[in-house]
Amino acid sequence: MKKVPFYELKPGQVVAEDIFKDSTLLISKGTVLKNKDIIRLRNHGIKNVEVYDENDFLEKKIEEKISIEFDNIPAIVEEETYKEWHEHFEFVKDITHLKDDPSELDSLAEDIYKKFLKSEDVILNLFHSLGDEALNAHSINTAIISSIIASKLDMPDIFLNNLLKACLLHDIGYSLIGKRVVFDYIDIEDVTVRSHIVSAYETFKDMQKKIGKEVVDAISTHHERFDGTGIFMRLKENDISPLVRILQIGDAYDSFIEAGNTPYDAMSFLLRYSGLIFDPYYVSVFFSIVGLYPTGTQVILNNGKKATVVKKGKTSSFPVVECEGNTIETGIDTGLFIREVIKEGE
Ligand SMILES: [Fe+2]
Ligand SMILES: [Fe+2]
């Protein structure tokens, strides 16, 4: 919302607050201004008018579409920060901006990884969004999870910066082709899955100097597999860039949940394909941070009560849970442990 002097009013602007003259309503909130309205306001001596600006709509659009994965559990970052990243990414991912000024991508990458440099006690409660915005959320979530993994590994800033840039742009091929496969780790022969790699490669191959060769290579090879059975190049083990091997953990975890699975299923998927699709080392780092029961896992305790996992506890199998409004540490001290994992709504 912004205050505009009467001489700057233009047809098409939307009035953001009722306009009164001596307690008579001249124009009501929400009116799309026409020439005659502007003349009327001038004739009544109205000096300033509150109108909506583009940011109001952008903010509203983002607010409507972003939702936290699990209510009643603290979010991975403050909602405001996440929205800022989301908005920033919407701008950054535009290829013309990227070609013009790739420094915006660097600064978003830095903003995200700096937030997680010393992350202890991770509560992996991510935001998701729907429709056109869903890919933005997935890209940011991939960057967040990769930051959390990298924060445990004492990596130089240049590595972190490249890692985050690769995470943010890894699926940009889907934007370029206008179609998306949400979970793209199983059917890698699918035409859309193959196309998102090819289109990204075609777009970025001449931008290596601007975005960084390592980043462009990571985007083009992010569906290689640790056992050498991936897309196109069939790279194996350490021949796959560590940027890719870290990125894949966050990518697969987030998109598996986005495709309708639980966090527990997503962790189980990573463990099951450790050494096949994923580098076992990075799976183990992620596992050591999140535990067997990631944030949001719905469980039944040995006392028969339902609970939701908040975060990892002292060991991988004894998380901190939320049960009937209380935060409880499972384990020997409390005598509480997880009897079974249930699906949401069971
Ligand atoms: Fe992908
Ligand atoms: Fe992805």
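**Exercise 1.** Count the helices and strands of the chain in this predicted model.

Solution. Step 1: the helices come to 14. Step 2: the strands come to eleven. Step 3: for the overall extent, take the C-alpha atoms along the principal axes; they fill a box of roughly 75 × 55 × 35 Å.

**Exercise 2.** Describe burial and surface for the chain.

Solution. Step 1: a residue is called buried when its relative accessible area is under 20%. Step 2: 51% of the 346 residues meet this cut-off. Step 3: the area that the chain exposes is about 16600 Å², and 50% of this area is supplied by carbon and sulfur atoms. Step 4: among the side chains, 40 are positive and 58 are negative. The centres of these two sets are 3 Å apart.

**Exercise 3.** Find what share of the contacts with a separation of 6 or more joins residues 24 or more positions apart.

Solution. Step 1: keep the contacts in the chain with a separation of 6 or more. Step 2: of these, 63% are between residues 24 or more positions apart.

**Exercise 4.** Locate the nonpolar cores and the residues with the most contacts inside the largest one.

Solution. Step 1: the largest nonpolar core holds 70 residues. Step 2: Ile-112, Leu-124, Ile-144, Phe-204, Phe-278 and Phe-286 have the most contacts inside this core. Step 3: helix H12, residues 242-258, gives the core its largest share, nine residues. Step 4: a second, separate core has twelve residues, including Leu-33, Ile-38, Ile-46 and Val-51.

**Exercise 5.** Which residues does Ile-112 touch, leaving out those up to four places away in sequence?

Solution. Step 1: Ile-112 belongs to the largest core. Step 2: Ile-112 touches Trp-85, Ile-140, Ala-143, Ile-144, Ser-147, Leu-164 and Leu-168. Step 3: one of these, Ile-144, is also listed with the most contacts inside the core.

Notes: Residues are numbered from 1 along each chain as its sequence is written. Chains are lettered from A and ligands numbered from 1 in the order in which they are written. This is a predicted model: local features need pLDDT of at least 70, side-chain atom pairs count only at pLDDT 80 or more; totals for chains, interfaces and linings use all residues. Side-chain values use heavy atoms; hydrogens and water are left out. Helices (H or I, at least four residues) and strands (E, at least two) are DSSP runs, numbered from the N terminus. Buried means under 20% relative accessible area, exposed over 50%, partly exposed in between (1.4 Å probe, protein chains only). Contact means heavy atoms within 4.5 Å. Accessible areas come from the Shrake-Rupley method with a 1.4 Å probe; for residues, only the protein chains shown count as cover. Lys and Arg count as positive and Asp and Glu as negative; His and the chain ends are not counted. The place of a charge is taken as NZ of Lys, CZ of Arg, CG of Asp or CD of Glu. A nonpolar core is a set of buried Ala, Val, Leu, Ile, Met, Phe, Trp, Tyr and Cys residues joined through side-chain atoms within 4.5 Å.
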